[in-house]
Structures are given as structure tokens and as C-alpha cells.
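Q: Could we go through this model together? I would like to start with how far it can be trusted.

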Amino acid sequence: DADGLYELIHDLDQDGDLTMDELIRGVARLKGTARSYDLQMLLRQVLALTESVDKLKRSVDRRSRANRVSDQDEIELNDTSDREAKDVPVHGLYSESL
């Protein structure tokens, strides 16, 4: 499609304008046919990158779940401490009656 083609021949100086020189150089880079070897190497790189991203996602998910469990444990611990503190006598009175 046109957008994909533009991305392949994009303006090299990144100024947002595609000059005639940039167009010619971009098209020249596309000249020729891709060999099966080139496509296979590209496919291997994409698969390796996909595996790395998947591994990173799993790691982030595990850490996120661990943090949620840790946060929940801390909340429960604080709730328990608050309940226990209410039962401690303060100058002969229970804190709940204050």
C-alpha cells in the first residue's frame, strides 16, 4: 500500500518533506529482488524478537502479580494491626470507646 511504500522510502533527514533526491535514493534501495535467504534471515530475526518480547511480557506479568499479592498482604496486615490496636487499653479505657 502507499503508506507502506512511503515508510520504505521515507525522507532520510526526517524533516517531514520527501525531496526528489530522497525519493530516488529510497527507490534505489528497493531495487532488486529479495532472495529467499534474505527473507528467511528476516523471518528468523522477527521470530527471535517476538520470543524476546513474549518473555519480557511474561516476566512483567509475574512481577505485577507478585506486587499485587504483596500489596494485598500489606493491606491485610495493616487491617489486622488496626483491629488489634483498637483492643489495647488506653488509660484504663479501650480505644474503641474513645
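Q: Which element has the lowest mean pLDDT, and which the highest?
A: In this predicted model, strand β2 (residues 93-94) has the lowest mean pLDDT among the elements, at 52, and α2 has the highest, at 83. pLDDT is the predictor's confidence in each residue, on a scale from 0 to 100. Helices (H or I, at least four residues) and strands (E, at least two) are DSSP runs, numbered from the N terminus.

Q: And the average for the protein?
A: The mean pLDDT is 76, and 71% of the residues score at least 70.

Q: What conventions apply here?
A: As the model is a predicted one, local features need pLDDT of at least 70 and side-chain atom pairs count only at pLDDT 80 or more, while totals for chains, interfaces and linings use all residues. Residues are numbered from 1 along each chain as its sequence is written, and side-chain values use heavy atoms, with hydrogens and water left out.

Q: How many helices and strands are there?
A: The protein has three helices and two strands, in the order α-α-α-β-β along the sequence.

Q: What share of the residues is buried?
A: Of the 98 residues, 4% are buried. Buried means under 20% relative accessible area, exposed means over 50%, and partly exposed lies in between (1.4 Å probe, protein chains only).

Q: What about contacts between residues far apart in sequence?
A: Among contacts with a separation of 6 or more, residues 24 or more positions apart account for 3%. A contact means heavy atoms within 4.5 Å.

Q: Let us turn to Ile9. Is Ile9 buried or exposed?
A: Ile9 counts as buried because its relative accessible area is 6%. Ile9 sits in the loop between α1 and α2.

Q: What does Ile9 touch?
A: Leaving aside residues up to four places away in sequence, Ile9 touches Leu18, Glu22, Leu23, Gly26, Val27, Arg29 and Leu30. The C-alpha atoms of Ile9 and Val27 are 6.2 Å apart, although 18 residues separate them along the chain.

Q: And how does Leu23 look from its own side?
A: Leu23 belongs to helix α2 and is partly exposed, at 30% relative accessibility. With residues up to four places away in sequence not counted, Leu23 touches Ile9 and Leu18. The C-alpha atoms of Leu23 and Ile9, 14 residues apart along the chain, are separated by 6.2 Å.

Q: New topic: how many salt bridges does the structure hold?
A: There are two salt bridges, each defined as a side-chain nitrogen of Lys or Arg within 4 Å of a carboxyl oxygen of Asp or Glu. Side chains of opposite charge can pair when their charged atoms come close.

Q: Which residues does the one in α2 join?
A: Arg25 pairs with Asp21, their closest N and O atoms being 3.0 Å apart. Both lie in helix α2 (residues 20-30), four residues apart, which is about one turn of the helix. Arg25 is partly exposed at 39% relative accessible area, and Asp21 is partly exposed at 46%.

Q: And the one in α3?
A: Asp61 forms a salt bridge with Lys57, with the closest N and O atoms 2.9 Å apart. These two residues also lie four residues apart, about one turn of the helix, within α3 (residues 36-86). Asp61 is partly exposed, at 29% relative accessibility.
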